[in-house]
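I opened this notebook to keep track of what I looked up, beginning with one position in a loop and moving on to how the domains meet.

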Amino acid sequence: MAANIGSSQSRIDGRLKVTGDARYAADFVVPNPLYAHLVTSSIGKGRITAVDDAAARAVPGMREIYTHFNHPAIQPAGFFGAREGAAQQGWRPLAGPDVKFYGEIVGMVVAESLLAAREAAAALKFTYQSETPAATLDAEGVELEELPDKAISVGDVEAGLREAAHRISHTYTTAPNTHNAMELFATTAHWEGEDLTVYVPSQWVKGFQSGLAKNLDLDENRIRVFSPYVGGAFGGKGSLFSWTALVAAAARDLKRPVKLYVTREQGFTVASFRAETRQEVKIGAQKDGLITTFVHKGHELCSRPDTYAVNGTKSTTRMYHAKNIQTGVTVVHADRQTPGFMRAPPETPYFFALESAIDELARELNMDPVQLRVRNDVDHDPVRGVPFTSRSLVECFKQGAEAFGWPKYQPEIGSMTEGDELIGWGVATATYPTHMSPCAARVVLDNIGEARVQVASHDLGTGAYTVFAQAVHNKFGIPVEKVRVDLGDSRLPPGTIAGGSTTTASTVSAIGMACDRILKRLGAQEGKLDPQAVLESFGQSSIEEYVEWEPSLEGGPGEKWAAYAFGAEFVEVRINRFTREIRVPRIVGAFAAGHIMNEKTARSQYLGGMIWGIGHALLEISEVDPRTGAYANANISEYLIPVNADIQQIEAILVPEVDDKVNPAGIKGIGELSIVGTAAAVANAVYHATGIRVRKTPIRIEDILPDYS
Ligand code: MOS
C-alpha cells in the first residue's frame with residue numbers, strides 16, 4: 001500500500017449518525033420503564049445526619065427513594081486503578097453517611113416519569129454535619145502518598161546536575177479537566193427473569209459486564225452490556241460507573257425497567273476527571289545541548305480513599321538522551337472524587353511540563369528548539385536500553401518544520417509582530433505509547449461475498465466500524481460495503497477496552513488473524529478471493545473463524561522493545577498587544593504511527609487531538625471552589641472548549657512509517673497521540689511573543705499582562 005497509509009474511507013456508520021438512526025444508550029426503548037434521578041451531596045465533606053423524605057414521597061408518581069438508610073445490596077466491583085477490577089472508584093455509592101466530596105451520590109429517586117423523579121429528588125431534604133474540605137493540591141489537610149513503584153532511578157542525578165554546563169529547574173502545574181462528552185451518561189437496566197440487559201455508553205462492555213456481575217453477585221453470562229454507539233468518551237466512560245448497579249438493583253426491586261440519565265452538572269462529580277498536577281522538572285545539559293540529566297517529579301490530586309495516579313514520567317523519560325534519570329510520583333489525597341483517564345492521561349499533563357522545560361533549556365542554550373530536540377533524539381529507550389520498534393521523531397520535525405515555515409523563525413522575543421499583534425511561534429514533541437491488549441474476534445465469510453466481523457470492541461466516534469471493515473477488505477478483497485461489523489455488545493467475542501488507544505492495533509491484529517486462517521483453510525491468496533467460487537469448491541455456504549490474539553510486546557521486565565508513536569507540532573499564536581487576547585491562527589502537526597488504516601479517520605483523530613490540545617492550553621479548567629470543593633463551572637457554557645471560531649488553519653501531516661515489530665498489523669495507536677505536546681507548543685509560542693513564561697494551564701489573559709508600571 002502506498003506509503004503504508006490505507007485509503008480514505010468515509011465512515012460506514014456516518015449516514016446512520018447524521019440521520020439520527022444510530023441508537024445511543026438513552027435511545028433504546030424498553031417496555032413500561034421507570035425513571036431514576038440521582039441526588040448528589042451539597043457539601044464537600046462531612047456526614048449525613050438525617051434525611052427528610054416526606055415531601056418527596058408525596059410527589060405523585062414517586063415510586064422509591066434510595067439513600068444509605070435503605071440502599072440496595074451491592075457488592076464491590078473492584079477498583080480499576082488498583083488493576084483488580086472495573087470500577088471507577090473503590091467504594092460503592094450509598095454505602096454510609098459519610099460524604100467524601102462535593103457532588104457525591106447520596107440518593108437516587110425512582111418515579112413513573114422523569115419529571116416526577118426530578119421533582120421528588122428536589123424535595124428530598126438532607127441534613128448534614130459539614131466540615132471544611134481540603135479540595136485542592138495545596139489545601140491544608142491533604143495527605144501525601146509517595147508511590148515508590150512509579151519511581152525511576154538511573155545514574156546519579158545530583159552529580160549530573162552539578163557537572164552540567166547548563167541547567168534549568170522549574171515547576172509546572174496543569175488544571176483539573178472534565179471530559180464533557182456530547183452524549184450525557186445514561187443507564188437503562190432491563191431484567192427479563194434472571195437476565196439483565198444494560199444499555200450504557202461504554203468504552204469497555206466486557207469490563208462493565210464483569211464488574212456488574214460482582215456488584216450484583218450474578219453469573220456474568222446473565223448480564224448483557226450493550227453500547228453500539230458512544231457519543232464521545234475521552235476516557236470518561238472507560239470504567240464502570242458506580243450508579244450502574246444502583247439502577248440495575250432498583251429495576252430488580254421494582255420489577256420494571258429503570259432509565260437514568262445523569263445531568264451535565266452531575267457528570268462533573270459522579271464520574272471521573274483529569275486530576276490537576278504539579279510537576280518539578282530539572283534538566284542538565286552539555287554546552288552542545290546534549291542532555292545528561294533529567295529529573296521529573298509529579299504531584300497528582302486524588303480522592304481520600306483511592307490511590308490512582310497516571311504517572312507520565314514513564315513516557316517523559318523515554319523521549320530524550322539522558323544518562324542520569326530520576327522520577328517520582330506523589331498522590332495528594334484530597335476531598336474530591338477519584339480521578340481517572342482523560343485523553344492521553346499521563347502524557348498530556350506531563351508533556352506540558354517536559355516540552356515547556358525543553359523550550360526553556362533551548363533559550364538557556366541559545367539554541368533552536370527543533371535542533372535541540374533532534375540533538376537529543378535516541379534510538380534506544382534511555383531507561384531500559386531497549387530499542388524502539390520504530391521512531392520517526394526527527395522525520396516528523398523535518399516535515400512539520402517545512403510545512404509550517406519554521407526556517408523563517410526569528411528567536412528574539414517579540415521580534416515578529418504585525419500591527420497590534422504580537423506573533424509567537426512554538427514547537428513541541430508529541431508521543432504516545434503503543435498499548436495493546438488480548439483481543440478475540442469472529443469473522444464469517446459467506447458465498448454471496450459478504451462478511452461479518454464480531455468483536456466486543458467499541459466505536460467512540462473514532463471510526464472503528466469503518467477501520468474493521470477495511471481490515472476485512474484488505475484481506476479478502478471484498479468491498480467495504482459488503483462487510484458488516486458488530487461492536488459494543490458484551491455477548492460478542494471479548495475485545496479490549498477502548499482506552500489507551502489500544503483498539504485499532506489490537507482488534508485489527510485479531511481480525512487479520514481470523515481472516516488469515518480463513519484464507520489458509522480455503523487455500524486462497526490475500527486480497528484475491530472469489531468467495532462464491534472458493535466456498536462452492538469446498539461445498540460450503542459460509543466459513544467462520546474465531547480467534548484469540550495476544551500481543552507479544554506486553555509489558556514486564558522481559559519486554560524487548562519500546563513501542564511509541566511520535567509527532568512534532570508547530571503553533572503560531574497572535575496576541576493583541578493591548579488586550580492580551582491569545583489566538584491560535586495556525587497549527588501544523590506531523591505524526592508517524594506505523595501503518596495507518598484509514599487516511600481520513602486518522603486525520604480526523606489528529607485534528608481532534610490538536611484542537612483538544614489548544615483547549616487544554618488556553619480554555620479548559622474545572623474551577624474548584626476551595627471553600628466547598630464544588631466545581632464552580634459545572635456546565636458547558638462556562639467550561640470552555642474550542643469552538644469553530646477558535647480554530648483557523650490546522651494541518652495534520654501523515655508521515656509514512658513502517659513498523660514490522662510492533663504487531664502483525666504494524667499499527668500504533670493514534671487516538672491520543674496528537675493532543676500530547678500541543679499545550680506546551682502554545683505556551684512556548686506565548687513566551688516567544690511576549691517574553692512571559694507561563695508554567696500553568698490554562699494560559700489566560702491575566703497571566704500575560706504587560707508590566708504597566
Ligand atoms: Mo482514553 S483516556 O485512554 O479513553
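Helices (H or I, at least four residues) and strands (E, at least two) are taken here as DSSP runs, numbered from the N terminus. With that settled, I located S272 in the loop between α7 (264-270) and β14 (277-285). I noted that residues are numbered from 1 along each chain as its sequence is written. I also noted that this is a predicted model, in which local features need pLDDT of at least 70 and side-chain atom pairs count only at pLDDT 80 or more, while totals for chains, interfaces and linings use all residues, and that side-chain values use heavy atoms, with hydrogens and water left out.

Is S272 buried or exposed? I entered S272 as buried because its relative accessibility is 3%, the limits being under 20% relative accessible area for buried, over 50% for exposed and partly exposed in between (1.4 Å probe, protein chains only). Setting aside neighbours within four places in sequence, I listed the contacts of S272 (heavy atoms within 4.5 Å), among them Q88, H179, G235 and F341.

Next I turned to the domains, whose bounds come from an automatic or database domain assignment: domain 1 (25-131 + 182-232 + 237-270), domain 2 (346-435 + 556-704) and domain 3 (437-549). The C-alpha centres of domain 2 and domain 3 are 35 Å apart, and their contact draws on 14 residues from domain 2 and 17 residues from domain 3. For salt bridges (a side-chain nitrogen of Lys or Arg within 4 Å of a carboxyl oxygen of Asp or Glu), I recorded a count of zero between domain 2 and domain 3.
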